[in-house]
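Grab a pencil and let's work through a protein together. Each exercise gives you a task, and then a solution that you can follow step by step.

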Amino acid sequence: MTQIYVLIGNTGCWSDRTEWLVCAYKDKDLATAACNQANQEASDYFTKHENYYAETGSIREQDRITMLTIDPTAMFDYTGTSYDIKECKLI
C-alpha cells in the first residue's frame, strides 16, 4: 500500500477557520521539507506585512500571487497561516 503526504494550509480559528489542500507528495521527507519551507515563508510574509494587515484587514493584492513559493494562493487573516501534513493511502 502506497502512502501519500498531503500539504494542508490553514488560517483563522474556531468558526473563522479556513483550510485548503496545497499539494501531495509520495515521499514523507519531501513533504516535511515543503511544510517547513511553507511555514517559514508564511511567517516571514506575515511578519513583513503585519502592519498593513492590521490597518486594512486584507493582504495587498499585488503580493498575493508571489507571497509563497509553494502556495501562491495562500490565505491569511489575523492569525497568520500555517501548514501541516496529513498522511493517507493512495488507491
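Here are five exercises, each with its solution.

This is a predicted model, in which local features need pLDDT of at least 70 and side-chain atom pairs count only at pLDDT 80 or more, while totals for chains, interfaces and linings use all residues. Residues are numbered from 1 along each chain as its sequence is written, and side-chain values use heavy atoms, with hydrogens and water left out.

**Exercise 1. Get the overall layout**

Find out how many helices and strands the protein chain has, and in what order they run.

Step 1: Helices (H or I, at least four residues) and strands (E, at least two) are DSSP runs, numbered from the N terminus.
Step 2: Counting that way, you get two helices and three strands.
Step 3: Starting at the N terminus, the order is β-β-α-α-β.
Step 4: Now for burial, where buried means under 20% relative accessible area, exposed over 50%, and partly exposed in between (1.4 Å probe, protein chains only). The protein chain has 91 residues, and 35% of them count as buried.
Step 5: Contact means heavy atoms within 4.5 Å. Take the contacts between residues at least 6 apart in sequence: 60% of them join residues at least 24 apart.

**Exercise 2. Trace the partners of strand 1**

Work out which strands are joined to strand 1, and by how many bridges.

Step 1: Two strands pair if DSSP finds at least two bridges between them.
Step 2: Strand 1 and strand 3 run antiparallel, with nine bridges joining them. Look at Val 6, whose bridge partner in strand 3 is Lys 86.
Step 3: Strand 1 and strand 2 run antiparallel, joined by seven bridges. Tyr 5 sits opposite Tyr 25 of strand 2, and Gly 9 has Trp 20 as its bridge partner there.
Step 4: Check the cover: eight of the 10 residues of strand 1 are buried. Thr 11, which belongs to strand 1 (residues 2-11), counts as buried because its relative accessibility is 4%. Leaving aside neighbours within four places in sequence, its contacts include Arg 17, Trp 20, Phe 76 and Gly 80.
Step 5: Follow the hairpin of strand 1 and strand 2, which has six residues between the strands; Gly 12 takes a positive phi near 85 degrees there. In the loop between these two strands you also meet Trp 14, which has a positive phi of about 50 degrees although it is not a glycine. Trp 14 counts as exposed, since its relative accessibility is 81%.

**Exercise 3. Classify the aromatic pair**

Which kind of aromatic pair do Trp 20 and Tyr 83 form?

Step 1: Rings of Phe, Tyr and Trp (its six-membered ring) pair if their centres lie within 6.5 Å; planes under 30 degrees apart count as stacked, over 60 as edge-to-face and the rest as tilted.
Step 2: This rule yields one aromatic pair. The ring centres of Trp 20 and Tyr 83 are 6.4 Å apart and the planes are at 85 degrees, so this is an edge-to-face pair.
Step 3: Trp 20 is in strand 2 (residues 18-25) and Tyr 83 is in strand 3 (residues 82-90), so the pair ties together parts 63 residues apart in sequence.
Step 4: Both Trp 20 and Tyr 83 are buried.

**Exercise 4. Look for disulfides**

Explain why Cys 23 has no bond to Cys 35.

Step 1: A disulfide is a pair of cysteine sulfur atoms within 2.5 Å.
Step 2: The whole structure contains zero disulfides. For Cys 23, the closest cysteine sulfur is in Cys 35, 9.9 Å away, which is too far for a bond.
Step 3: Cys 23 is partly exposed, at 26% relative accessibility, whereas Cys 35 is buried, with a relative accessible area of 8%.

**Exercise 5. Find the core**

Which residues make up the largest nonpolar core?

Step 1: A nonpolar core is a set of buried Ala, Val, Leu, Ile, Met, Phe, Trp, Tyr and Cys residues joined through side-chain atoms within 4.5 Å.
Step 2: The largest one has 10 residues: Leu 7, Trp 20, Cys 35, Ala 38, Ala 42, Tyr 45, Phe 46, Ala 74, Phe 76 and Tyr 83.
Step 3: Helix 1 (residues 28-56) gives the most to this core, namely five residues.
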